[in-house]
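Reader: I have just opened this entry and would like a guided conversation about it. Could we begin by looking at it together?
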Amino acid sequence: MFPQADQSSDTYEDCKATADWLLAQSAVRPSVGIVCGSGLGGLAAALKDQVAFDYKDVPNFPQSTGERRPRPRRPEPGRRLALGAVHGHAGRLVFGTLRGRSCVCMQGRFHLYEGYSVQKVTLPMRIFKLLGVDTVILTNAAGALNQDFKVGDIMILKDHINLPGLSGNHPLVGLNDERFGVRFPCMSDAYERELQQLALDVGQELGFGDFLKEGVYSVLGGPSFETVAESRMLAKLGADAVGMSTVHEVTVARHCGMRVFALSLITNRAVMDYDSPEKANHEEVLVVAKQRAEQVERLICTMVARMERRHNNNDDDDHDDHHDD
Ligand code: HPA
């Protein structure tokens, strides 16, 4: 069921060919890679001097089914065409500058539930690396398991629980190419502490303190939302939020040595009680994402600006930033 050592995922050379193809078409040399979660793709619009590629045009890239159009076919009388699209997930790779910093942004990501292998889901991280990215920022929509969390909260990931990975569906299973990273990578430091602190500081400054949380994210394969027993189990295991993405990408990004920051937008509360009338659904996820998207974008834009300032140690920029947040 899971890839064997002799089954091909994309090789180093495949990834390099994709990165070289992209670098040949864009003058942008990104140092920050951003992955936009459900309903949070608007962040890409903040990039200046954009060069954008549809995933379908990028060699070796899978297509997000969010962009996949139904094949023209005649519907049976009285039957609606099943779209098979994951609304809220676009399918574009956007290069540009964010607050003067060169970035590449995935507007839409790949998920296990779309039928992609976990290696294909994580391929863009290796391409990021070969493009020159050193810091990856990932966002997602998630259901709250922590009873103190509210819909609309932004959770900074401090750790994760990789249930598919623990049971063998792990992106680094198979032959290890040392040019990407070591055979047995450490994951106890997956989320960069300094970037978590930066997010907390920036969040406070922007007045987001009331809805900014920290916690542990648990990934499941989806696409069904959790049963009551599953949500209770995850909460008992120490997870604060649950979703269907991010962890695979984080694992591969860390394997190849990039710094990682990730946040979850809490779009719903996981149903933990058999008497609850609540039912998780994707429409609710998108409605909440739309309501909070602007704040998520401001948080990330300001973090990116601040990251550069720290890097350049340029105090003048510090003052500028307060005006255009
Ligand atoms: N469960 C899993 N994935 C999710 C959820 C959830 O409740 N909300 C948004 N993505």
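Author: What follows is a short conversation about the ligand site, the cysteines, the aromatic rings and some individual residues.

Reader: What should I know before reading the numbers?

Author: This is a predicted model, in which local features need pLDDT of at least 70 and side-chain atom pairs count only at pLDDT 80 or more, while totals for chains, interfaces and linings use all residues. Residues are numbered from 1 along each chain as its sequence is written, and side-chain values use heavy atoms, with hydrogens and water left out.

Reader: Thanks. Which residues are around the ligand?

Author: The shell consists of A141, A142, G143, F225, E226, V242, G243, M244, T267, N268 and V285. A residue is counted as near the ligand if one of its heavy atoms lies within 4 Å of it.

Reader: How do those divide into nonpolar, polar and charged?

Author: There are 6 nonpolar, 4 polar and 1 charged. Here Ala, Val, Leu, Ile, Met, Phe, Trp, Tyr, Cys and Pro count as nonpolar, Asp, Glu, Lys and Arg as charged, and the others, Gly among them, as polar.

Reader: Which protein atoms are paired with a nitrogen of the ligand?

Author: In the side chain of N268, an N or O atom lies 2.7 Å from a ligand nitrogen. For the side chain of E226 the corresponding distance is 2.8 Å, and a polar backbone atom of G143 is 3.3 Å from a nitrogen of the ligand. The protein buries 95% of the 260 Å² that the ligand exposes when taken alone; such areas come from the Shrake-Rupley method with a 1.4 Å probe.

Reader: And which elements give two or more residues to that shell?

Author: They are β5 (135–144), β8 (241–243) and β9 (259–269). The largest share, 3 residues, comes from β5. Strands (E, at least two residues) and helices (H or I, at least four) are DSSP runs, numbered from the N terminus.

Reader: Changing topic: how many disulfides are there?

Author: The count is 0 disulfides, where a disulfide is a pair of cysteine sulfur atoms within 2.5 Å. For C15, the nearest cysteine sulfur is that of C256, 9.2 Å away.

Reader: Are C15 and C256 buried or exposed, and why?

Author: C15 counts as buried because its relative accessibility is 1%. C256 is buried too, with a relative accessible area of 4%. Buried means under 20% relative accessible area, exposed over 50%, and partly exposed in between (1.4 Å probe, protein chains only).

Reader: What about aromatic pairs, how many are found?

Author: The whole structure holds 8 aromatic pairs. One of these is F61 with F110, an edge-to-face pair at 5.8 Å centre to centre and 75° between the planes. Rings of Phe, Tyr and Trp (its six-membered ring) pair if their centres lie within 6.5 Å; planes under 30 degrees apart count as stacked, over 60 as edge-to-face and the rest as tilted.

Reader: Where do F61 and F110 sit in the chain?

Author: F61 is in the loop between β2 (48–54) and β3 (92–98), and F110 is in the loop between β4 (101–107) and α2 (118–131), 49 residues apart. Both F61 and F110 are buried. Ring pairs also join Y55, F61, F110 and Y116 into a cluster.

Reader: Last one: where is R306 found?

Author: R306 belongs to helix α7 (residues 282–312). With a relative accessible area of 9%, R306 is buried. Its side chain and that of E205 are joined by a polar contact of 3.2 Å. A polar contact is a pair of N or O atoms within 3.5 Å; within protein, one must be able to donate a hydrogen and the other to accept it, and residues adjacent in sequence count only if both atoms are side-chain atoms.
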